[in-house]
Amino acid sequence: MSGIGPDVDVVVIGAGFAGLYALYKLREAGLSVRAFERGEGVGGTWYWNRYPGARVDIQSVEYMFTKFPDLEQEWDWTELMPAQAEIERYLNWVTDRLDLRDQITFDTAVLSATYDDVTATWRVETDAGEQVVARFVVAATGCLSAPIEPAIAGLHSFTGDSLYTNRFPKDGYDFTGKRVAVIGTGSSGVQSIPVIAEQAAELVVLQRSAAYTLPSPNRPLGPNELDELKSQYADIRAAQWASPVGTARFGAVAFLGRRTLTNILEASWDERIAKLDELGFAGCFAWADVFLDVEANEAATRLYAEAIKRVVTDPRTAEDLVPHYPFACKRIIIDEGYFETFNRDNVRLVNLRKHPIESVVPSGVQLEDELLELDVIVYATGFDAMTGSLSRIDIRGRGGVSLREVWAESPQAYLGLGVAGFPNLFTVTGPGSPSVLTNMVTSIEHHVEWITDCIGHLRDHGHCTIEADPDAQDEWAEYVHTFAGPIQVHPSCTSWYLGANVPGKTRYYMPYAGGLTRYMARCADVVENGYAGFDLV
Ligand code: N01
């Protein structure tokens, strides 16, 4: 390295899957590293989102680091799709087995990172008042880690308990005997509602947009099943890395892996119903054209309405549970008994499109036409996704330019890895990367390895900085947009992929939908061509 001596080679922000792997790989490459983590423990997403029912939608044997053949044999998953507590335990175990804990400063948020043009270093400042000067910053800040507080009047006036799924109390919460409202029916709401319903005296679900959700195939792993899977880990890993989504065992969306799907628009109503009989909820979407064509997607939604009617006994509730936007414009949800929950005597659905919230008041929620008296309000209202975690840090690149301001106009990163004007700042699973459309763990591993190799290359070739070229970044952004189809950008879609869930955020489709394998090939090409599209100085 050249330049005036930094305190460390690299500062890593975050200690979830990405931060932990970055710490490990960078240290292995002989670099000095400090990591800062806002939480009191490791886990990132899996530290904060400890709401009842929190569970991943990828199978356990693929939702783990894939590059530790010895270590993976020692870890025993208990379920097909692990719950939050088990994933958090796994990450703590990995942290200790890889001896990473000492390099992480917990309970400490990074407030700012400022690039110094003269010394080509970053000055990183924390909320503990510490300043660290580093050559590189690796932002392992996660795609879904900046919670949004809903814009509801009187939010803080409620005198009962206000809980947020994405920063749920560490010791849990006992809903027994309470009158509860859940606001929000994305993945977090849909997963928590059945569990809360079992405890609460009364549960009101306040739904603004209905959810597309599929029943989870989760179950305990049977005796000897894990041993059998462990003996196949090498093959499973190979299949994962050959898959465009980083997972070969699709779980709830297994039909996505089938190749012989027919078009829903060419099927009669009876044929559609037959698919429903065969596959249940998944049968609504097991068609070739549903992901590509708006009309086909609408036909799938009509079938979905039929599937809901088969479960939900009250016709009005069943009707209110039907979404009015395309399937798969938002992340597909998996649930455990979501629709069945609405048949319980203690559960009621309020369609906020018909009965809007006026305000939160001291005793509960005031709807336009009714006061809901409550003991607890659970907000499952989502995240400022993909850019929010970095926009909330005051990041200043070349010439003091603010990343927050740059991304407010257009949230771009070349390959999702680097941003023009911000030398030596790497974004793990940044906007423009496949990230949230894949198994996050495989995407994270790929990014971290690419970044580590890149820093090694700079060191070995006497370079001081790497920075995305603005033209290459623009071209990449245009290319990324060619993969966002009519379903993803449909005007009725308010997905976080588009930033459309955050008032005032630029509507911009952020993830790369071209698949992980194609993306990795492109990243490899960039390296082979001397880090094409990056300026190395
Ligand atoms: O957040 P969301 P999430 N008044 O944005 C509603 C991952 N994840 O935390 O759609 C009333 O999806 C909002 O309504 P609308 C996964 O990638 C994975 O649930 O804006 N309602 C919506 O219903 C997921 O996609 C798992 O009309 C308001 C809900 O709140 C991502 O995290 C589990 C409102 C927010 O849904 C985010 O999921 C959990 C208001 N003012 C999370 N503001 C896994 O399984 C917002 N809403 C794997």
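**Notebook: a ligand-bound chain**

I started at Thr 95, which sits in helix α4, residues 84-97. The model I am reading is predicted. I looked up the accessibility of Thr 95 and found 0% relative accessibility, so Thr 95 counts as buried. Setting aside residues up to four places away in sequence, I listed what Thr 95 touches: Leu 20, Val 42, Leu 100, Arg 101 and Ile 104.

**After helix α4**

I went on to Asp 99, in the loop between α4 and β3, the latter being residues 104-105. Is Asp 99 buried or exposed? Asp 99 has a relative accessible area of 52%, and because exposed means over 50%, I entered Asp 99 as exposed. I also read the backbone of Asp 99 and noted a phi near 60°, a positive value in a residue other than glycine. For context I wrote down that most residues other than glycine have a negative phi.

I found another such case at Ala 120, where phi is near 55°, again positive in a residue other than glycine. Ala 120 belongs to the loop between β4 (110-116) and β5 (121-126). Its relative accessibility is 7%, so I put Ala 120 down as buried.

**Two more loop residues**

I checked Thr 141 next, in the loop between β6 (131-139) and β7 (161-164). With 17% relative accessibility, Thr 141 counts as buried, because the cut-off is under 20%. What does Thr 141 contact, once neighbours within four places in sequence are left aside? I found Ile 13, Ser 389, Leu 390 and Ile 393.

His 490 I located in the loop between α15 (470-482) and α16 (516-528). At 21% relative accessibility, His 490 falls in the range from 20% to 50% and so is partly exposed. Not counting residues up to four places away in sequence, His 490 touches Val 294, Pro 326 and Arg 507. I took one distance from His 490, to Pro 423: the C-alpha atoms are 35 Å apart, and the two residues are 67 apart in sequence.

**Phe 339**

I then turned to Phe 339, which I found in helix α11, residues 338-341. Phe 339 has 2% relative accessibility and therefore counts as buried. I noted its contacts, leaving out residues up to four places away in sequence: Ala 211, Thr 213, Phe 281, Tyr 304, Ile 308, Val 311, Val 312 and Leu 321. How far is Phe 339 from Ile 455? I read 49 Å from C-alpha to C-alpha, with their positions 116 residues apart in sequence.

**The ligand**

I looked at what surrounds the ligand and found 26 residues, of which Ser 188, Arg 208, Ser 209, Lys 330 and Trp 496 come nearest. By class, I sorted this shell into 10 nonpolar, 10 polar and six charged residues. Which element gives the largest share of the shell? Helix α5, residues 187-199, does, with three residues.

I then went through pairs of polar atoms. A backbone N or O atom of Ser 187 is 2.9 Å from an oxygen atom of the ligand. At Thr 185, I read 3.0 Å between a polar backbone atom and an oxygen atom of the ligand. For Trp 496 the partner is a side-chain N or O atom, which lies 2.8 Å from an oxygen atom of the ligand. I next looked up the cover on the ligand: taken alone the ligand exposes 900 Å², and the protein buries 88% of that.

**The chain as a whole**

I finished with totals for the protein chain. I counted 16 helices and 20 strands. Along the principal axes, the C-alpha atoms fill a box of roughly 70 × 55 × 50 Å. I compared the radius of gyration, 23 Å, with the value near 24 Å for a compact globule of 537 residues, and the chain agrees with it.

How much of the chain counts as buried? I have 58% of the 537 residues under that heading. The chain exposes about 21500 Å², and carbon and sulfur atoms supply 49% of this area. Lastly I looked at the contacts between residues at least 6 apart in sequence, and 71% of them join residues at least 24 apart.

Key:
Residues numbered from 1 in each chain as written. Predicted model: local features only at pLDDT ≥ 70, side-chain atom pairs only at ≥ 80, totals over all residues. Heavy atoms only, no water. Near = heavy atom within 4 Å. Polar contact = N/O pair within 3.5 Å; in protein donor to acceptor, adjacent residues only side chain to side chain. Areas by Shrake-Rupley, 256 points an atom, 1.4 Å probe, with all protein chains shown as cover. Helix = DSSP H or I, 4+ residues; strand = E, 2+ residues; numbered from the N terminus. Nonpolar A, V, L, I, M, F, W, Y, C, P; charged D, E, K, R; others polar. Rg over C-alpha atoms; globule rule 2.2 N^0.38 Å. Buried < 20%, exposed > 50% of the residue type's maximum accessible area, 1.4 Å probe, protein only. Contact = heavy atoms within 4.5 Å.
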